Amino acid sequence: MFFDIKKGRRKIRVDANRVGFLRKGIGLMFRTRNTKSLIFEFSQGSFIPFTSLFVFFPFILVWMDKSMNVISVDKVFPFRLNIFPKKRYYYVLEVPINEKNRKIVDFFVGKRKV
């Protein structure tokens with residue numbers, strides 16, 4: 001599925017798989033670096049932290065509000081126990097750092113910071 005995500009005045013279209021209820025607890029765990037991006041949706045705002053245990057590659061974690069405006073962005077390395085949000089979020093995008101996602105990663109963290 002394609003999602004339009006806004007960061008300030010800029011917008012990007014992201015192709016990501018929507019995560020179902022059971023998959024929310026797993027996310028990118030046990031997947032390869034070349035997997036597709038994942039988007040998590042929470043009908044009521046959430047403060048639940050994420051983890052990168054058993055994720056064997058770095059990825060970008062994008063926290064968003066109800067309108068899919070970016071709240072914050074974190075570059076996450078493997079095996080971090082807790083990654084806490086800065087504010088209540090409604091959507092979270094997990095983007096594996098790989099060549100296929102270069103444009104998306106550059107959009108969120110900049111070309112020199114990857």
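Biologist: Is F79 buried, partly exposed or exposed, and what is the relative accessible area of F79?

Modeller: Buried means under 20% relative accessible area, exposed over 50% and partly exposed in between, with a 1.4 Å probe and protein chains only. F79 therefore counts as partly exposed, at a relative accessible area of 43%. This is a predicted model, in which local features need pLDDT of at least 70, side-chain atom pairs count only at pLDDT 80 or more, and totals for chains, interfaces and linings use all residues. Residues are numbered from 1 along each chain as its sequence is written, and side-chain values use heavy atoms, with hydrogens and water left out. The value for F79 is 43%.

Biologist: Which residues make the nonpolar surface patch of about 530 Å²?

Modeller: Patches are made of residues with over 30% relative accessible area and no salt bridge (a side-chain nitrogen of Lys or Arg within 4 Å of a carboxyl oxygen of Asp or Glu). Like charges are joined within 9 Å, and nonpolar side chains (Val, Leu, Ile, Met, Phe, Trp, Tyr) within 5 Å. The patch is made by I26, F30, F54, F56 and F79.

Biologist: How many aromatic pairs does a search of the whole structure find?

Modeller: Rings of Phe, Tyr and Trp (its six-membered ring) pair if their centres lie within 6.5 Å; planes under 30 degrees apart count as stacked, over 60 as edge-to-face and the rest as tilted. The search of the whole structure yields 9 aromatic pairs.

Biologist: What is the centre-to-centre distance of the edge-to-face pair F42 and Y89?

Modeller: F42 lies in strand β3 and Y89 in strand β6, so the pair ties together parts 47 residues apart in sequence. Strands are DSSP runs (E, at least two residues), numbered from the N terminus. F42 counts as buried at 14% relative accessibility, and Y89 likewise counts as buried at 0%. The planes are 85° apart, and the distance between centres is 5.3 Å.

Biologist: What is the angle between the planes of F56 and F79?

Modeller: F56 lies in the loop between β3 and β4 (59-64) and F79 in the loop between β5 and β6, so this pair ties together parts 23 residues apart in sequence. The pair is edge-to-face, with 5.4 Å centre to centre and an angle of 65°.

Biologist: Which residues does F2 touch, not counting residues up to four places away in sequence?

Modeller: F2 is placed in strand β1 (residues 2-7) and counts as exposed at 55% relative accessibility. With contact defined as heavy atoms within 4.5 Å, F2 touches R13, V14 and D15.

Definitions and conventions:
Areas by Shrake-Rupley, 256 points an atom, 1.4 Å probe, with all protein chains shown as cover. Helix = DSSP H or I, 4+ residues; strand = E, 2+ residues; numbered from the N terminus.
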